[in-house]
Amino acid sequence: MEWQRLIVSYIVGFVLLNVLLGLMAYMTWFERRVLARMQHRVGPNRTGPFGLLQPIADGIKLLAKEDIVPANADRLVFLVAPLLSFALAPLGAAVIPFGDTLHLFGIDIPLLVADINVAVLYVLALGSVGVYGIILGGYASGNRYSLLGALRSTAQVISYELVLGLSLVGVLILSGSLSLQDILREQQRSLVLGPLTLPNWYILSQPLAFALFLIAAVAETNRAPFDLPEAETELVAGYFTEYSGFRFSFYFLAEYINMIVVSLLAATLFLGGIDGPIADGVWWLAIKALFFLFFYVWLRATLPRFRYDQLMGLAWKVLLPLALLNIALTGLVRLWGIGAL
Amino acid sequence: MTELSATHFLLLSAALFIIGMVGVLTRRNVLVIFMCIELMLNAVNVSLIGFAWELHQLTGQIFALFVIAVAAAEAVVGLGIVMALTRRTDTVDIDELRQLRE
Amino acid sequence: MSEPRSLPATPETSPWDTTEYWGPTDPEQHPAVRLVRERFPDAFQEVVVFRDEVTIRVARPALREVVDFLRTHPELRYNHLTDITAVDMLYLRERPRFDVVVQLYSIPRRQRLRVKCGVDDGEMVPSLVPIFAGANWLERECYDMFGIIFEGHPDLRRILLPEDWDEGHPLRKDYPLRGYRDYVQPGYESPAPRIRGTLRRPGP
Amino acid sequence: MTVQVLVFWLLALVAILGALGVVAARNPIHSAIGLVLSFLNVAAIYLIARAEFLAVVQVIVYAGAVIVLVVFVTMLVHPDDLPEFHGRRPLRIATGLVLGLALLAEVSAAILAHGLRGTPGPWTDDTIAAVGGNTRALGQVLYSDFMLAIQLTALLLLAATIGAIALARPEAVSERLAAARRVMTISLAHPRGLDQPALPAALPEPQNGRVKEAGGGRPIVLARTADEFTEQPAWGEWRAR
Amino acid sequence: MIDFSQPTPVILSEVRQISPTRRELVLNMGPQHPSTHGVLRVRLTLEGETVIACDPVIGYLHRGVEKLGESHRYAQFVPWTDRTDYVAAPSNNLGYVLAVEKLCGIQAPERAQYWRMIMAELTRIASHLVWLGTHALDIGALSVSLYTFRDRELILDIFEKFCGARLTTNMMEIGGFSREIPPDLPEMVREFCRYFPKAIRQYEDLLTENPIWLARTKGVGVIEPEVAINYGLTGACLRGSGVNYDVRKAMPYLLYDRIDFEVPLGTHGDVYDRYLVRIEEMRQSIRIIEQCLDQVPTDGPLMAYESQYVIPPHKNVMTTAEDMQRHFIWVIKGFSPPKGEVYHAVEHSKGELGYYIVSDGSPIPYRLRIRSPDFVNLQSLPYMAQGAMLADIVALIGTIDIVLGSVDR
């Protein structure tokens, strides 16, 4: 019996990984189309209907590109670094519940790869180890400017990871458990506030934490207004300028997977993942995650870039105190049990 | 050796500890020495967890938690000192970087 | 140094002559002319009025003092340096060879003025950089194009041409239009032939 | 149960290899990578010992922050500035190794010879599961018996952060900038006399233009004729601030 | 404020000796840099993140336009003026043509002057749109440039309808316009004037109240008014610091004195103020164009044919012998204006564009000097860049609004 459960969870994990890679490919297409529509242009539409084959075309192009390793680069680390950040990105999706357990041909298949009871911390741990992909990539490419870029983006990721973790503490206080399954069950309870019965999504009871989480998530994946390290290529090389060909795309694809994983996480933690008004199910999670992905692209289209010192100042001087304030407030509310929270 | 008992953890902890100690004694670069100290602290943690596992008590894990906290604080201050030391001889200029080649 | 022969102005009545943008067209009433003539009697050489433009010619060593005077005098206050340029008078007069032209504008009084001084090849012109920060690049360009050295300029090096340009100064009249060296354009073996040879000056 | 032991030895082996990597590697960055490898494996071993919270904390704090800090400093610091701790190498390596091996033999002999004496505590697997998982159990014990320890650790961490900030404060760039400004005036030739018209504190009233609020809390002055704002630029309250 | 007592400033190369213990990082924002608007190279001496010194290196696009001016006839040089500031060609044409007309003492008929003002103001808007697009793109707002270039297309269509070319228009000639104005052009321009204020509101919605835009532009690159005057800045760089100097108001050329418009002035002299000033200038240009369209006589000559410096009208050339002969001489030998020197300035979108022409009576100008506004404005970059952050340099280059064609000439 032990082996069977192991094999089943392995299969579910394998399916999830492929779905994620497929989603990642089409996330690039989604972003380019939506960004184009916001900028009054059309976006890729040559390759296949609505440019749907564009990701495959990009993939082939990147595969065909020459893969240069710079002369004074540290060969081994240079080759491993992008793989590190690419491999760590999808692991985050393992803890996200995609639905109740299915009963197919007599075997009950939990639509959740691993229900570990430290799921939220697990996601944070992945984030903190993911930093090595950036810092080693910058170091290994040998030139001084990419190292400078690597240091900058690492410092940014670490500071915003702190804010991310603290903003989640609020949610944990309310849900009482670290495992996403319990958090989801907690959110499915209906919240009776006078006449209207609202779903007990944490966005309603934790708006500040939701905002902090969103900002920190955007900064963590080096996206939209926080993408100064990439923009550094204008001035000082970003950490991946020495990379080329498919190795270069590892970093970019890792960024897209991170975006998807964080959107799924945000949907589960704050919008009650698979819990929807009519019928619970993975399609609700998809809709909510899609909203967050649209939000990412929307930010990229409208907002200019932060300067580096403003970016760090925002993290330490504004978001961190807010996160601590939020924890204090939630703690007090929970302590005195005000209302039905 | 069939049953997973504390001795396994203790053996691993001893090995790690000794490797750390050798590292501290033989290496020249202060930062590598720093890492070896972290290694030794980690070895202590392993033995604590071993005891917690064997004796079904949580105090081992709690001690491990405190050891991690102290180690983090120590690392921060230690690296601060290293930075201050280097500042005295030549500024640690973000643009005067050099990769460390022994 | 022979008296510099200025260009004879062929006055023609035109709408341009009536505007007062450069101050009163009669040189005597023009405040700048009057004050400069009083203040620098020896340096003041000549005033020319053409269309509504008033041009004062001063001696070369006194250029910086005159411009500083024009800038600081409460009645004149030409505080905006519009342009510094040079003209190679090789075909128009014998000596001195170059004319440094300083274009001034008074923002409070909304009036323009032009100050000129003759410079021979190799002579130093007092630089206006200590008076106007804007003069820096303008003088570097004059040096780059004409080879006029500005004494007191903090950083006199070529600005438009590459630092190692050794073929002299292109805007001089004796510098052939296509330069001395014949460059072979990419894709061709020999440089393009010079059809008209050096520049022939068509008569007036 | 042998699977557990097998997995344990596998992880232990990799952890030891990582540790050796730390000591043996020439380039400190490589030794940092070795350290990360060994810490991740130790975290996996904690999972086997059902100490999930410890495993995740170890990954976040140790692998995620402390070693990144060390790598940061390795990259920022000029190698020959580092204080020298040991002189010549060959003799030291020999003594270190011999000492190490002797100690290892001794300690492992002691471990194998004597079993562990200690009273088994109450926290068996099922009691932990009843309480609701390792983290909740830890939480309860932590915040009941070890309250004082928590306060002390909090104080310690606070002291550490303040110390680190004080130590690594970068020199204020401003006074270096002022020095450079005096020296560095390339194409910045400064006019000797710069007439400084006395600027009024308040924004001068536009004679026949108007002040238009142009967004971002910033007014724009619209001058209709060419005579206003030539003597006094539209530059009032900014200067006063 | 900067310490001005320094007698003889030191050239960059000596910096290294002064600080032997520490070598600053000299960073080359090379000529092919995406955000230096063409081929500008800036050598930055950095101290960590702060810029200590900045030395712009120009000349990569130097084509010797002034030397060419001294070997072409007056009328032949007009196409060259388009190519100096290739983003605002009609304004360049206007500057040169007015200078030559002043030299010859002729004036274009009223209808031509109105149309010249309309074309100049349209060019100002087109140039400001290019500036806004690239400036926002440098600071990170991607979509603004798409909107601005979409609206610029409308102006380029108007140019194309009028003179056949979108960018290097070569539309103005000495004495007025040689081509007849297409009948539906006024309606096309009026349609643009109705549409454009809505487009400006779109840009403002995207940027003016955007907190990140404010954070990146407010307090950056501040130039005090007396420093701006001393550097000889003109255009939005000068008006951003609150000094009211607009050639159209100070010395009205063409018929600007008949048009009622306002000159926007900034109060803080930083990047944000120059942004506000240029946005307001676009609105004022719309007002000018509308007034010109109302006042322009619908018929009347477009060329000052009565003057002997101007090409005779085409229909007479084919019919009368005297005009054919004059046309032949005009084309082959060119007209020779009176001896003398002339300087005429025009309010170009970048600042005061002046042409200084010395004529010795021959049909070829003796000396032709182009006073390009962004060459002089670019001098203020080192002043603004000192103490700025590395990421601000891009914003500072954008706020000066340079086009390397007119900087290098």
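Me: Two residues are in contact if their C-beta atoms, placed from the backbone, lie within 7 Å. Which residues in α5(E) meet which in α12(E)?

Reply: The model is predicted: local features need pLDDT of at least 70, side-chain atom pairs count only at pLDDT 80 or more, and totals for chains, interfaces and linings use all residues. Residues are numbered from 1 along each chain as its sequence is written, with chains lettered from A and ligands numbered from 1 in the order written. On the α5(E) side sit E:Y114, E:M117, E:I118, E:E121, E:L122, E:R124, E:I125, E:H128 and E:W131. They meet E:R278, E:E281, E:M282, E:S285, E:I288, E:I289, E:C292, E:L293 and E:Q295 in α12(E). By class, this contact has 11 nonpolar, 3 polar and 4 charged residues. Nonpolar covers Ala, Val, Leu, Ile, Met, Phe, Trp, Tyr, Cys and Pro; charged covers Asp, Glu, Lys and Arg; the others, Gly among them, are polar.

Me: Why are α5(E) and α12(E) called roughly parallel or roughly antiparallel to each other?

Reply: Helix α5 (residues 110-139) and helix α12 (residues 271-295) of chain E pack at about 160 degrees, axes 9 Å apart. Angles over 145 degrees count as roughly antiparallel. The pair is therefore roughly antiparallel. The crossing of α5(E) past α12(E) is left-handed, that is, the near helix is turned anticlockwise from the far one by less than a right angle.

Me: What makes chain A as compact as a globular protein of that length?

Reply: Its radius of gyration is 21 Å, and the globule rule gives 20 Å for 341 residues, so the values are close and chain A is as compact as a globular protein of that length. The rule is 2.2 Å times the number of residues to the power 0.38; the radius is taken over C-alpha atoms. The C-alpha trace of chain A spans about 65 × 55 × 45 Å along its principal axes.

Me: How much of chain A counts as buried?

Reply: 49% of its 341 residues. Buried needs 20 or more other C-beta atoms within 10 Å of a residue's own. Chain A holds 12 helices and 4 strands, taken as DSSP runs (helices H or I, at least four residues; strands E, at least two).

Me: What supplies the largest share of the side of chain B that touches chain D?

Reply: The contact takes 74 residues from chain B and 78 from chain D. α3(B) gives the largest share of the chain B side, 22 residues. That side has 50 nonpolar, 14 polar and 10 charged residues.

Conventions. Axes are lines fitted to C-alpha atoms, for helices over the stretch in contact, and angles run from 0 to 180 degrees between N-to-C directions. Angles under 35 degrees count as roughly parallel, over 145 as roughly antiparallel, 65 to 115 as roughly perpendicular and the rest as oblique. A residue is buried if 20 or more other C-beta atoms lie within 10 Å of its own, exposed if 12 or fewer, and partly exposed in between; C-beta atoms are placed from the backbone.
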